[in-house]
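Here's an informal walk through one model, to be read with the structure open beside it. We'll take the sheet, then the core, the chain contact, the domains and a few odd residues.

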Amino acid sequence: MFLFELIAAALISIIAGIDRTAGPQIMLSRPLVAAPLTGLVLGNGMIGLEVGVLLELIWLAWVPAGASIPPDDTQIAVGATFLSVVFTEYWKADPTAMAVFAVLISCPLGRIGVFFDRLARGYNDRGNSRLLRSVKNGVLEEVEGVHLLGLLYFGLSSVLSFLVIVLAGTVILLNFYPLVEKLLLMGSNFLKTAFPLIGAATIIGTIRLGHTVTLFLVSFMSTLLLLWYF
Amino acid sequence: MNDTGRLPASILFRTMCRCLLLQASWNFGRLQNIGFLFAMAPALRWLYQDDDLEMAFARHLEKFNTHPYMAGPILGVSLELEEKRRAGEEDLVDVENFKTMTMAPYGAMGDAFFWGGMRPLAAVIALFFALYGSLLAPLVFVLVFNVPHFWCRLVWFWKGYRQGLGMVRTIQGWGFPDLAIRIKETTVILLGGMCAYLVFLLTGEEGMPMVYGLLAAPLICAGVFMVRKGCSSLALLISVALMVFLSVGL
Amino acid sequence: MSLVLARIDDRLIHGQILEVWVPFLNADCIVVANDEVAGALFRQAIMRAAIPRGTLVFFEKVAGLKKLFSSRELLQRRVLVLFSRSADALEAVRRGLSIPEVNLGNLHGEGATDRVSCTVWLYPEDVANLDTLEQVGVKVVSQCVPSDKKENWREMIRHLPG
């Protein structure tokens, strides 16, 4: 049951996960790209798009220059899309409510991604030490091997994070979704709006141009008035 | 080696392709060092033999860390500098120094322009498509973002190789840091529009009076304040979700 | 002039400084206090290219810092000063610069050195320098970016022998 879906989503998790750091970084790792892609492959592009919109802005402002690493939003996106596609089909549940719930539970679970990511980089440290030794001894053929092995580590770390999110997420969903379904149906419209707004707030809070907030508010107000007027 | 001492196009091409995988073996100790050597390896093998080759490998295994896209031009210039070294010519700085000099400032430039500027811009543009319900959103994201990305990584790689140290001036001429500020301003304006559109959709769907939409402004400002006080996205997310559940539950 | 951050960071001008600290502290002037850079125009040009308009940057010898800090140009500025090693920070303080607190950012010594945090490796002489700094009343902390916890360096070197 749903085995094909799991394998397909795991493949995307690997591709998007590698693109996050190790690969060419063409932004396949962004939730707004990875989630709809997962959705399309699993036969429900729209729910993927919904997950992507919920997640895209949340950790977008983070610049990979600091030491603190945020949860792995790539695997959260792929995992939450998988969960929402499978469970909307399984329970005939409301897609928006399901997407919101799946994202809500996947976000804290995504912290596991930090652990696996560190593990992969740690393995690369070993590769580095080995390479330094062998080059010192005049062996110059190992560069390619050691380097490309890193892709394997990052790929593995991605799919492991994905599996943890999906497995733990399934357990939580099975147990808790029926309990909160009513609340979700009432609140999902608000949450669907709140997620990107929170993301916007984190971006505005991080971009400090001196006049960021003013610029934002002026644009917000004038757009809102225009929308009302027409 | 051939008579001219210039690297053949095939090797340049291989280096360019390999530079796309710069961070595959990112490690805590020396960061992108193996990735840089991985990209340089075909050229080094072509230029040097025996002991010289060993030394070349060792010098490119030193610590290296920059923005992955800006590594393109740095690699290009490094190839040119290695060619010169092989020919016994001297330039203003040697390849090791060039790398250590450029990696941090160019890293900052890439962080500001790509991570701080282009990525949010592409995301917000794509979000407009997504909110409209269009599955083209991911495609828009990838296209908008990757034009400057590949320009920087691939075109500047070739330019770097052609111009050598002159590339520094070319990069300076683009004024990335100032461009980044313009892009960020554009993103903020678009974000304002996007938030307004979201709120507009919500009031419509919930049948609320549209004036309620104005309430979103102080709420977002409160969020901004929390973020600046060091509140994490995750904490904000969970508290907002709880508040929504509480208020619809009661 | 107000000194908003003094940081020991061997990467000098890089992403954490320009993308994170400068906007966070609302700094509008960066002073790179380093003897080698102060004499290397090509290197300065590369660094300058990374800094947006509106942010002043000075490349100064450690010995010249005190004079620079009392100059008119810096009068209204919020200044962020960068050292590349602990010895420079100590030297600056010895020459009469008043720094209330110094932040350990990235110090990537390798080999015989001790790793005390994700981004900080210390040589024994660094420990001695920081010790002296602390004795003359400079607080020594480590905080990579503002969202990280500010740690006292004593806590970080607790596990080191000696």
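What is the strand order of the open sheet of 7 strands in chain C? The order is β3-β2-β4-β1-β5-β8-β9, and the pairing is mixed. Here strands (E, at least two residues) and helices (H or I, at least four) are DSSP runs, numbered from the N terminus, and two strands pair if DSSP finds at least two bridges between them. At the edges sit β3 (56–60) and β9 (151–152) of chain C, each pairing on one side only.

A quick word on ground rules. This is a predicted model, with local features needing pLDDT of at least 70 and side-chain atom pairs counting only at pLDDT 80 or more, while totals for chains, interfaces and linings use all residues. Residues are numbered from 1 along each chain as its sequence is written, with chains lettered from A and ligands numbered from 1 in the order in which they are written.

On confidence, pLDDT is the predictor's own score for each residue, from 0 to 100. Chain A averages 94, and 97% of its residues score at least 70. Within chain A, helix α2 (residues 31–41) has the highest confidence, at 98, and helix α8 (residues 212–229) the lowest, at a mean of 94.

**Strand β1 of chain C**

Back in the sheet, β1(C) (residues 2–8) has 5 of its 7 residues buried, so the strand is largely enclosed by the rest of the structure. Buried means 20 or more other C-beta atoms within 10 Å of the residue's own; 12 or fewer is exposed, in between is partly exposed, and C-beta atoms are placed from the backbone. β1(C) runs parallel to β4(C) (residues 78–83), joined by 6 bridges. With β5(C) (residues 101–104), β1(C) also pairs in the parallel sense, over 2 bridges. Some residue partners are these:

| Residue in β1(C) | Partner | Partner strand |
|---|---|---|
| Leu3(C) | Val79(C) | β4(C) |
| Arg7(C) | Asn103(C) | β5(C) |
| Ile8(C) | Leu104(C) | β5(C) |

**The core**

A nonpolar core is a set of buried Ala, Val, Leu, Ile, Met, Phe, Trp, Tyr and Cys residues joined through C-beta atoms within 7 Å. The largest one has 202 residues, and those with the most contacts inside it include Leu32(A), Val103(A), Leu191(B), Cys195(B) and Leu82(C). Helix α7 (residues 143–206) of chain A supplies the largest share of this core, 20 residues. Domain 1 and domain 2 of chain B both give residues to this core, so it lies between them.

Two residues let you look closer. Leu191(B) touches Ala200(A), Ile203(A), Ile204(A), Phe216(A) and Val124(B), leaving aside residues up to four places away in sequence. Touching, or contact, means C-beta atoms, placed from the backbone, within 7 Å. Over in helix α7 of chain A, Leu197(A) counts as buried because 20 C-beta neighbours lie inside 10 Å. With the same sequence neighbours left out (up to four places away), Leu197(A) touches Cys195(B), Leu198(B), Ala216(B) and Ile220(B). Leu197(A) and Val53(A) are 144 residues apart in sequence but 11 Å apart in space, C-alpha to C-alpha.

**Where A meets B**

How many residues does each chain bring to the contact? Chain A brings 77 residues and chain B 75. On the chain A side, the elements giving two or more residues are α2, α3 (45–56), α5 (95–109), α6 (112–136), α7 and α8. The most comes from α7(A), with 25 residues. That side divides into 52 nonpolar, 20 polar and 5 charged residues. The count takes Ala, Val, Leu, Ile, Met, Phe, Trp, Tyr, Cys and Pro as nonpolar, Asp, Glu, Lys and Arg as charged, and the others, Gly among them, as polar.

**Domains of chain B**

Chain B splits into domain 1 (9–208) and domain 2 (212–250), with bounds from an automatic or database domain assignment. Their centres, taken over C-alpha atoms, are 35 Å apart. In the contact, 5 residues of domain 1 meet 4 residues of domain 2. The domain 1 side has 4 nonpolar, 1 polar and no charged residues.

**Two positive phi values**

Most residues other than glycine have a negative phi. Asp50(B), in helix α3 (residues 50–59) of chain B, has a phi near 45°. Leu12(C), in the loop between β1 and α1 (15–25) of chain C, has a phi near 55°. Buried or exposed, which is Asp50(B)? Asp50(B) is exposed, with 8 other C-beta atoms within 10 Å, whereas Leu12(C) is buried, with 23 C-beta neighbours inside 10 Å.

Definitions and conventions. Contact = placed C-beta atoms within 7 Å.
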